[in-house]
Amino acid sequence: MRDRIEEIRKLGAELVAVGTGRPEQVADFIENERVNFLVLSDEKAEAANAASIENASVFRLFHPNSFAPTLHAWKAGHRIGTSGRRVTQLGASFVVGPGAEVHYEHYDEHPADHAPLAEIFAALERTGVESASGVPAPPA
Amino acid sequence: MDAKSLGAITLNDAAGERKLLADLWADRPVVLVFLRHFG
């Protein structure tokens with residue numbers, strides 16, 4: 001998703017990541033991965049609990065549907081980095097705002113499941129926020 | 001997901017500065033991604 005961050009910003013939005021590790025791990029992640037967006041530490045799972053993010057059973061962590069995407073990611077050079085405090089916590093993606101309106105939510109079914117980028121961008125366009133260039137986002 | 005409940009939470013950034021989540025999306029949309037791991 002971070003490869004598309006400029007497109008996200010052109011739609012007047014921002015990307016924010018929440019991890020399970022300590023702030024020091026966040027700092028290492030930002031430095032090692034050259035991250036150019038906000039990353040927050042949710043080491044006590046306060047945000048994860050508020051967002052109803054699930055912890056996976058062993059069966060979901062090693063779900064057969066995760067095998068092919070994991071292998072594909074591995075071949076593409078992606079590696080799993082430092083794990084945080086909750087290795088069984090699954091991921092999730094939301095499009096929120098302006099205000100408290102939730103435009104999109106995706107709860108990962110297994111570790112290799114991620115929100116389709118097309119769905120995230122469609123949700124961003126539905127927010128109707130003007131882009132940084134002053135051009136309104138197109139209607140859905 | 002209830003953004004009002006989630007927005008009431010504050011989290012630390014890499015520098016240890018507290019961020020109220022609701023402030024992040026008060027004036028603009030945010031793509032909020034919960035990671036399983038760092039990197």
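The following exercises, each with a worked solution, concern a predicted model of two chains, A and B.

Because the model is predicted, local features are given only at pLDDT of at least 70 and side-chain atom pairs only at pLDDT 80 or more, whereas totals for chains, interfaces and linings use all residues. Residues are numbered from 1 along each chain as its sequence is written, and chains are lettered from A and ligands numbered from 1 in the order in which they are written.

**Exercise 1. The elements of chain A**

Task: State how many helices and strands chain A has and in which order the elements run.

Solution. Step 1: helices (H or I, at least four residues) and strands (E, at least two) are DSSP runs, numbered from the N terminus. Step 2: on this basis chain A has 6 helices and 5 strands. Step 3: read from the N terminus, the order is α-β-α-β-α-α-α-β-β-β-α.

Step 4: contacts may then be examined, two residues being in contact if their C-beta atoms, placed from the backbone, lie within 7 Å. Of the contacts in chain A with a separation of 6 or more, 53% join residues 24 or more positions apart.

**Exercise 2. The contact between the chains**

Task: Describe the side of chain B that touches chain A, by element and by residue class.

Solution. Step 1: chain B gives 30 residues to the contact and chain A gives 57 residues. Step 2: on the side of chain B, two or more residues come from each of helix H1 (3–7), strand E1 (10–13), helix H2 (21–24), strand E3 (30–34) and strand E4 (37–38). Step 3: this side comprises 18 nonpolar, 6 polar and 6 charged residues. Here Ala, Val, Leu, Ile, Met, Phe, Trp, Tyr, Cys and Pro count as nonpolar, Asp, Glu, Lys and Arg as charged, and the others, Gly among them, as polar.

**Exercise 3. Strand E3 of chain B**

Task: Determine which strands of chain A pair with E3(B), and in which sense.

Solution. Step 1: two strands pair if DSSP finds at least two bridges between them. Step 2: strand E1 (residues 14–19) of chain A pairs with E3(B) in the parallel sense over 5 bridges, and A:Leu15 stands opposite B:Val31. Step 3: E4(A) pairs with E3(B) in the antiparallel sense over 5 bridges, with A:Phe94 opposite B:Leu32.

Step 4: burial is considered next. A residue is buried if 20 or more other C-beta atoms lie within 10 Å of its own, exposed if 12 or fewer, and partly exposed in between, with C-beta atoms placed from the backbone. In E3(B), 5 of the 5 residues are buried, so the strand is largely enclosed by the rest of the structure. Step 5: B:Val30, B:Leu32 and B:Phe34 point one way, and B:Val31 and B:Val33 the other way. In a regular strand the side chains alternate between the two faces of the sheet.

**Exercise 4. The largest nonpolar core**

Task: Identify which element supplies the largest share of the largest nonpolar core.

Solution. Step 1: a nonpolar core is a set of buried Ala, Val, Leu, Ile, Met, Phe, Trp, Tyr and Cys residues joined through C-beta atoms within 7 Å. Step 2: the largest such core has 39 residues, and those that touch the most other members are A:Val18, A:Ala47, A:Val95, B:Val31, B:Leu32 and B:Phe34. Step 3: the largest share, 5 residues, comes from E3(B). Step 4: B:Val31 touches, among residues more than four places away in sequence, A:Ile8, A:Ala13, A:Leu15, A:Ser93, A:Val95 and A:Ile120.

**Exercise 5. Two helices of chain A**

Task: Explain why the buried residues of H2(A) and of H6(A) are said to line one face of each helix.

Solution. Step 1: in H2(A), A:Gln25, A:Val26, A:Phe29 and A:Ile30 are buried. Seen down the helix axis, they fall within an arc of 140° (taken from the directions from the axis to the C-beta atoms), so they line one face. Step 2: the face turned away from this buried side carries the exposed residues A:Glu24, A:Glu31 and A:Asn32.

Step 3: in H6(A), the buried residues are A:Ile120, A:Ala123, A:Leu124 and A:Thr127. Their arc is within 100°, so they too line one face of their helix. Step 4: the cover over the buried residues of H6(A) includes helix H1 (5–10), E4 and strand E5 (102–107) of chain A, together with E3 of chain B.
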